[in-house]
Amino acid sequence: MSTLQKLKELGFDENRLKLDSATYSQSADECVVNFVYPESMPLTDEERESIRTLIVGEVGKVCSAAVKFNKSCFDADVIRKRINEYFDTEYKALSLVFSPNDIDIFEDECGANIVFTCDTMTKQVLENKGFVSSLEAFLKHKFFINFNISVIGKEVDVSLDDLITKPEDITTTLSYCLEKEKEINKFEVESKETIYGKSATVPPILISDLPHENGQAVVLAGEVLSPMITTFTRKSRVDGADPEERKRFTFTLRDPSGKIDVVIFPKEEDVEKLEGITEGMELIVNGIVSIFNDRINIKAQGLTNCIVKTKELAKVYRKVNSRYNFVVPKPVSEIQQMDLFSLTEKKTDYWDTHDTVVVFDFETTGLDARSCKIIEIGAVKIKKGSIIETFQTLINPGEPIPEEITEITHIDTSMVVDAPSIDQVLPDFYKFTYGSVLSAYNIDFDYQFLANNGNRLRLLFDNEQIDTLKLARDKVPSLGNYKLGTVVKALNITLVNAHRALADAYATAKVFIKLI
């Protein structure tokens, strides 16, 4: 009899108790099992003990066990944490798309409501992938609450076809996008009454446009987060005098483009005014830029109550190139294709609804997509089950390639000195992938690099995705591991020159064709 059945015999079904997680610590040789129960039906001490006895008895055959119980109720912070867990396990690329500002969580008589706000193109992608139903199922397993999830698409005031792409100079077209974005995003506020100091005499700018220059006068506006008044002791300026106590008022200002810390050292008569500033208030802040230990904040000289009219910023994306500028794809002839694949290769229904798939692979300077750089792109385009083109280039990352990366990839700094930069290459890769499904072996890793660089260069890689690693796990069961080398060997596919982008992409494309 399974543990689940034994729990049911004790009177616990999914409406009464849910397994939240089970985590094993190798160092402690202990498994911690977490259960959740509904707020409306608290567990008695006797029930807790019966569950604990059962679990310890089952798990204790292998290692020591600890059982914990957590109450399930509406808590926006906990729900947001669970959504992040979902992103990490199922849709990791979404963590790059949605910020906390884009997810609204509130409760009404129908249950918990979650509203995702994104551009209309992202909304279409999510709807095609069944995002809402998948997330609802995930949260239903974690809570005893009804969830109503919706995705709202916001219209961008300019379409891709509105962007001028001639001349096709990368700097020119990117600059055009940035200027067009500023033109669209008129940051508007309506000032009310001055709360502290002097009111601003010029319109506010976005936090993203803040000058990084110590002492520079600026005017900002946005929502107040975490306001706090604290007391600190400062040594007196007069020798021998007692230290003096001072007040410090701090908060974080958030506008549609980012956040910045604000600080005021008020006089005693101003403290009461500042105590009236609460979470969520909207303020115009005029002050000066202060940079200390490479951390930037604002020393406020005036605060004015206001209404911020610009709640969201539109992002303007570049149009697909009309030609390749730095990397031109190479065609794969039909004769070569016959050698690579059997003519009896099974053509599946997948190709009835999908025309082309681009299988790609990146070699990088490390694992962190936020700080590491791409040093090679390799990609293979499949059309109706046959490979038709390849795309490959080394990339100059603008920094030395670490020795440990050279040991793995055999790419060293001298090899990329004359290679184009990612800024030069990515518009060509965007053209190569435009309109195709994207696939890679563990696509979440490569897509983080792709999305980060794409967002910076105003290139929207919103293609449908399919992970070849997941495909292999589903279609080739019982392998000892699912490294690319192991899978290609199991499928009698040859992988030569592993850990080079095009070689890995080509092998992955063969796996994709065999398994799709």
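Two strands count as paired here if DSSP finds at least two bridges between them. The model is predicted, and the tour starts with one strand and its neighbours.

**Stop 1: strand β12 and β11**

Select residues 295–308, which make up strand β12. Then add residues 282–292, strand β11. The two strands run antiparallel and are joined by 10 bridges. To find the register, pick Gly287 and look across to β12, where its bridge partner is Ala300.

Next, go to the turn. β11 and β12 form a hairpin, with two residues between the strands. Asn293 lies in this turn, and its phi is positive, at about 55°.

**Stop 2: the other partners of β12**

Keep β12 selected and add residues 189–197, strand β7. This pairing is antiparallel and extends over six bridges. Gly197 is a useful marker: its bridge partner in β12 is Gly302.

Now add residues 258–264, strand β10. Which way do β10 and β12 run relative to each other, parallel or antiparallel? They run parallel, joined by three bridges. Select Asp261 to see one position in the register; Asn297 of β12 stands opposite.

**Stop 3: Asn463**

Move to the loop between α14 (443–456) and β18 (465–467), and select Asn463. Is this residue buried or exposed? Its relative accessible area is 10%, and because the cut-off for buried is under 20%, Asn463 counts as buried.

Show the side chain of Asn463 and draw two distances. One runs to the backbone oxygen of Thr433, at 2.9 Å. The other runs to the backbone oxygen of Ser436, also at 2.9 Å. Leaving aside residues up to four places away in sequence, Asn463 touches Thr433, Gly435, Ser436 and Leu438. Thr433 and Ser436 therefore appear both in that contact list and as the residues whose backbone oxygens the Asn463 side chain reaches, with Asn463 itself buried.

**Stop 4: the cysteines**

A disulfide is a covalent bond between the sulfur atoms of two cysteines. How many disulfides does the model contain? The count is zero.

Select Cys31 and Cys63 to check one pair. Why is there no bond between them? The sulfur of Cys31 lies 5.4 Å from that of Cys63, its closest cysteine sulfur, which is too far because a disulfide needs the two sulfur atoms within 2.5 Å.

Stay on Cys31 and turn on the surface: at 11% relative accessibility, Cys31 counts as buried. Finish at Cys372, which is buried with a relative accessible area of 18%.

Technical notes:
Residues are numbered from 1 along each chain as its sequence is written. This is a predicted model: local features need pLDDT of at least 70, side-chain atom pairs count only at pLDDT 80 or more; totals for chains, interfaces and linings use all residues. Side-chain values use heavy atoms; hydrogens and water are left out. Helices (H or I, at least four residues) and strands (E, at least two) are DSSP runs, numbered from the N terminus. Buried means under 20% relative accessible area, exposed over 50%, partly exposed in between (1.4 Å probe, protein chains only). A polar contact is a pair of N or O atoms within 3.5 Å; within protein, one must be able to donate a hydrogen and the other to accept it, and residues adjacent in sequence count only if both atoms are side-chain atoms. Contact means heavy atoms within 4.5 Å.
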